[in-house]
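Reader: I would like to go through this model step by step. Please keep the answers brisk.

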Amino acid sequence: MIICILQSLFMFIPNIWIMFVLIFYEGLLGGSGYVNTYMNVTEFTQLEEREFAMGCVSISDSAGIVLAATISMFLEPALCQYQVGDGRPYCTLH
């Protein structure tokens with residue numbers, strides 16, 4: 001996330017495909033962490049506690065998504081305003 005924000009501010013990575021690969025890799029890491037968490041709950045939690053543990057993992061995942069969306073509601077307009085002020089018309093309507 002920090003690299004993406006810095007790229008938005010300073011444009012130090014010369015090619016968009018490098019960013020695409022970085023974001024794809026980050027998605028793979030997030031997905032593997034998600035799958036690994038559910039696998040650990042399934043393998044290492046007792047049967048009578050497993051449903052509650054799965055619910056806790058699901059709520060935590062959803063809370064992370066809501067937190068990220070809330071942060072992005074403030075971050076995206078600020079980054080767009082900075083880019084337009086810097087002469088990059090990426091966020092303007094034509």
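Author: One definition comes first. Helices are DSSP runs of H or I with at least four residues, numbered from the N terminus. Note also that this is a predicted model.

Reader: Where does Met11 lie?

Author: Met11 is partly exposed, at a relative accessible area of 41%. Its place is outside the helices, in the loop between helix 1 and helix 2 (16-44).

Reader: What is the phi of Met11?

Author: Most residues other than glycine have a negative phi. Met11 is not a glycine, yet its phi is positive. The value is about 50 degrees.

Reader: Which helix gives the largest share of the nonpolar patch?

Author: The nonpolar surface patch covers about 670 Å². Among its residues are Ile2, Ile3, Leu6 and Phe10. Four patch residues come from one element, spanning residues 2-10. That element is helix 1.

Reader: Is Leu6 buried or partly exposed?

Author: Leu6 sits in helix 1. Buried means under 20% relative accessible area, and exposed means over 50%. Leu6 has 34% relative accessibility, so the class is partly exposed.

Reader: Which cysteines form a disulfide?

Author: The structure holds one disulfide. A pair counts when the sulfur atoms are within 2.5 Å. Here the sulfur atoms are 2.2 Å apart, and the pair is Cys80 and Cys91.

Reader: How many residues apart are Cys80 and Cys91?

Author: The link of Cys80 and Cys91 is left-handed, with -60 degrees about the S-S bond. The pair links distant parts of the chain. Cys80 is in helix 3 (residues 47-85), while Cys91 is in the segment after helix 3. They are 11 residues apart.

Reader: Which of the two, Cys80 or Cys91, is buried?

Author: Cys91 is partly exposed, with a relative accessible area of 31%. At 15% relative accessibility, the buried residue is Cys80.

Reader: Why does Cys4 not bond to the closest cysteine, and how far is that sulfur?

Author: Cys4 is partly exposed, at 29% relative accessible area. The closest cysteine sulfur belongs to Cys80. That sulfur is too far for a bond, because the distance is 14 Å.

Reader: Which side chains meet in a salt bridge?

Author: Side chains of opposite charge can pair when their charged atoms come close. The count comes to one salt bridge. The N to O distance is 3.0 Å, and the partners are Asp86 and Arg88.

Reader: Is Arg88 buried or exposed?

Author: Asp86 is partly exposed, with a relative accessible area of 46%. Arg88 has a relative accessible area of 9%, so Arg88 is buried.

Conventions:
Residues numbered from 1 in each chain as written. Predicted model: local features only at pLDDT ≥ 70, side-chain atom pairs only at ≥ 80, totals over all residues. Heavy atoms only, no water. Patch = residues over 30% accessible without salt bridge, like charges linked within 9 Å, V, L, I, M, F, W, Y side chains within 5 Å. Areas by Shrake-Rupley, 256 points an atom, 1.4 Å probe, with all protein chains shown as cover. Salt bridge = Lys/Arg side-chain N within 4 Å of Asp/Glu carboxyl O. Helix = DSSP H or I, 4+ residues; strand = E, 2+ residues; numbered from the N terminus. Buried < 20%, exposed > 50% of the residue type's maximum accessible area, 1.4 Å probe, protein only.
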